[in-house]
Each structure stands twice: as C-alpha cells, then as structure tokens.
Amino acid sequence: MTDEKRQMFGNRLAKMARHLGKQAKRQSISCYRVYDHDLPEFPFCIELYEDRIYLAEYKRRHGMTDEEHLAWLEDCLPVITEVLGIPDERIYFRQRQRKAGRQGQYEKLSSEQEFFAVREGGLQFLVNLSDYLDTGLFLDHRITRGMVRNEARDKRVLNLFCYTGSFSVYAAAGGAALVHSVDLSRTYLDWAVRNMALNDLLSPAASFIHADVKQHLDLLPPDFYDLVIMDPPTFSNSKRMKDFLDIQRDHVELLNKALISMRTGGVMYFSTNFRRFQLDREKILASSIKDITGATTPFDFQGKLFRFCYRIMK
Ligand SMILES: C[S@@+](CC[C@H](N)C(=O)[O-])C[C@H]1O[C@@H](n2cnc3c(N)ncnc32)[C@H](O)[C@@H]1O
C-alpha cells in the first residue's frame with residue numbers, strides 16, 4: 001500500500017474516532033461503532049468494546065491474491081491500532097459477507113470461548129469477539145433498549161428472537177413484572193441467562209424459552225403481554241422449524257399473532273434489517289404504527305443504518 005493511501009485511511013479513521021469519541025464520552029457510552037466503510041477502498045466495520053476492537057472486513061471482489069490481500073491487511077492493522085491507541089492483541093478480526101440482512105451470521109466460528117463483560121446504560125453484557133460472527137450486543141439498538149427499560153415498569157414483557165437477551169436485561173432492569181425470552185438457539189439462550197445473572201436479574205419472573213417463534217406464537221394466551229420486542233432475522237431455516245421464516249412474507253402473520261397475545265394499549269417494538277422491507281400496514285391489526293427508525297438510530301450509525309424499527313400499539 002502506498003504511504004498516501006495509508007495516510008488517507010489513518011486520517012479518516014482519526015477524524016471519525018475524534019468526532020464519535022466525543023459524543024460517546026458525552027453520553028457515557030463505551031461500546032460504539034467508529035468506522036463503517038467510510039472509504040470504499042477500506043471496507044471495514046470497526047467497533048470499540050471498551051478497550052477492545054472488533055474489526056470486520058466486508059467481503060468483496062478485490063482482485064488481490066491471498067498473499068496480496070494478507071499484505072494489504074497487515075498494512076492496515078498498524079494504522080488502526082495507532083489511531084485508536086489499542087494494541088494488536090486486543091484487535092479481533094472477522095471477515096463477513098455483506099448480505100441484505102443478518103442471515104447466515106449465526107454459526108459459530110471457533111471454540112475459543114472468550115467472553116468478557118462490557119457496560120452499557122449502567123448494565124453489563126457479555127460479549128465475545130472471537131467465536132461468533134456477531135458480538136453478542138447489537139450496538140444499533142442501544143436507544144431502543146433504553147426505550148424498553150423506560151416503559152417496562154410492572155409490565156409483562158415478551159422478547160421474541162431474543163438472541164443474547166439484551167432487551168430482556170433492560171426490561172428486567174426497568175422493573176418488568178415478568179420477562180419471557182424466546183429463541184431457537186440454545187447457545188444464545190444460555191448467553192441470555194448469563195447476561196441476566198450478570199446483572200443480578202435472574203428470578204422466577206424471567207423465563208427462557210427454547211422454541212421456534214412461529215410455533216410458539218400459537219401457544220400464547222390472548223390479551224396477556226404489555227410489551228413485546230420482535231427483532232427477527234431476515235431469513236431463518238432450521239431442523240427445529242416446521243417452515244422457514246422469511247420476514248417479508250411472514251411479518252403480517254407474526255405481528256398479528258403477537259398482537260393477539262397483547263393487552264389493549266400494549267406496545268410492540270418491531271425491527272428488521274431487511275433492506276427492501278415493506279410493511280404491509282393495512283393488514284396489521286394495530287391501533288397505531290409509528291416508524292421510529294430515525295428516533296432509534298444512534299449517533300454512531302447516522303446515515304449508515306439499513307434497518308427499520310416500528311412502535312406498534314394494540
Ligand atoms: C437479529 S437476532 C435478534 C437480536 C436481538 N433482538 C438483540 O437485539 O440482541 C435473531 C435471533 O433470532 C433467532 N432465531 C432465528 N430464527 C428463529 C426462530 N424461528 N425462532 C426463534 N428464534 C429464532 C436467532 O437464534 C437469533 O438469536
């Protein structure tokens with residue numbers, strides 16, 4: 001890589017780090033995204049998890065041989081460590097496909113099992129930057145999690161597709177009467193249990209349900225929940241499922257079934273990362289649907305977030 005290119009990357013990263021670092025500090029945020037493909041020639045996503053760096057390279061046709069690519073990467077790394085002031089051994093590198101959703105990102109990569117706790121909103125979350133494609137904490141939903149905490153008091157909460165349970169932790173911390181967390185992955189449900197325990201929020205009021213959401217929705221009592229979180233993958237297919245899940249095809253059915261399980265006046269947060277998603281509003285049996293994509297986009301994702309978020313009331 002030429003010195004000029006290296007400098008260009010370093011300057012841009014430094015600018016982003018300065019600008020976003022200030023905002024993070026002002027809001028006491030210690031985990032945030034500092035760079036996301038800001039220069040097309042450097043197709044990285046860089047997130048800070050306190051004193052560690054999660055570095056992902058988006059796959060693309062770069063025309064380099066494996067050796068050339070490795071050399072290029074080895075040129076980029078010192079720029080990142082120097083600008084961010086974090087040594088090599090605390091950089092966690094990943095390569096990921098750029099896809100229209102989050103599909104395919106849930107398989108395990110290795111078995112190092114290096115978990116560590118980070119802070120967000122006065123709570124703690126276990127993150128793993130080496131063993132899975134995603135880190136365990138989706139930083140783009142920081143604001144949404146805060147909303148859930150703010151309205152959880154005495155509420156019956158259902159967290160569908162709960163992943164590592166970060167929304168469940170916020171709901172429990174906000175004083176929810178009960179929190180039911182549902183996911184198809186045992187690994188992630190266990191992680192959710194550990195996140196609850198880490199915050200001293202494990203209690204009989206917190207249950208963790210290993211199930212396919214599509215099937216589980218048919219078992220729910222009507223008029224029961226006050227607050228529902230639904231953040232599904234774009235597609236999902238598994239031996240445990242009767243049918244695959246396609247969020248564009250299935251969202252009306254999923255939302256309507258969740259609405260049946262809610263009390264009148266109850267609120268559901270629904271989010272999807274499917275870039276071409278189109279909400280079929282007329283078919284959803286809600287009293288109001290508000291697009292809160294903008295209101296839930298944090299400072300470190302401005303102009304870069306390709307997901308939708310809705311506040312749906314029964
Ligand atoms: C996008 S993540 C959810 C992120 C989570 N709401 C958060 O903010 O941390 C999707 C999750 O859905 C789970 N999942 C995929 N298909 C499922 C299904 N049919 N039923 C239940 N969970 C499923 C995956 O295991 C994964 O944990």
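**Meeting a predicted model**

Q: Over which residues does pLDDT stay under 50?
A: This is a predicted model: local features need pLDDT of at least 70, side-chain atom pairs count only at pLDDT 80 or more, and totals for chains, interfaces and linings use all residues. Residues are numbered from 1 along each chain as its sequence is written. pLDDT is the predictor's confidence in each residue, from 0 to 100. The stretch under 50, with 27 contacts beyond four places in sequence (contact: C-beta atoms, placed from the backbone, within 7 Å), is residues 99–110.

Q: What pLDDT does the protein average?
A: Of the residues, 95% score at least 70. The average for the protein is 93.

Q: Which strands stand at the edges of the open sheet?
A: Strands here are DSSP runs of E with at least two residues, helices are runs of H or I with at least four, and both are numbered from the N terminus. The sheet has 7 strands in the order β9-β8-β7-β10-β13-β15-β14, with mixed pairing (two strands pair if DSSP finds at least two bridges between them). Each edge strand has a single partner, so one side is left without a neighbour in the sheet; these strands are β9 and β14.

Q: In β13, which residue is the bridge partner of Tyr225?
A: Strands β10 (225–230) and β13 (262–272) pair in the parallel sense over 5 bridges. In β13, Tyr225 has as its bridge partner Met262.

Q: At about what angle do α3 and α4 pack?
A: Arg145, Val148 and Arg149 in α3 meet residues of α4 that include Phe167 and Tyr170. Axes are lines fitted to C-alpha atoms, for helices over the stretch in contact, and angles run from 0 to 180 degrees between N-to-C directions. The two axes lie 7 Å apart, and the angle is about 35°.

Q: Of the residues around the ligand, which come nearest?
A: A residue counts as near when its C-beta atom, placed from the backbone, lies within 6 Å. α4, β8 and α6 each give two or more residues to this shell. Of its 22 residues, the nearest are Phe161, Tyr163, Leu184, Asp231 and Ser236.

Terms used: Contact = placed C-beta atoms within 7 Å.
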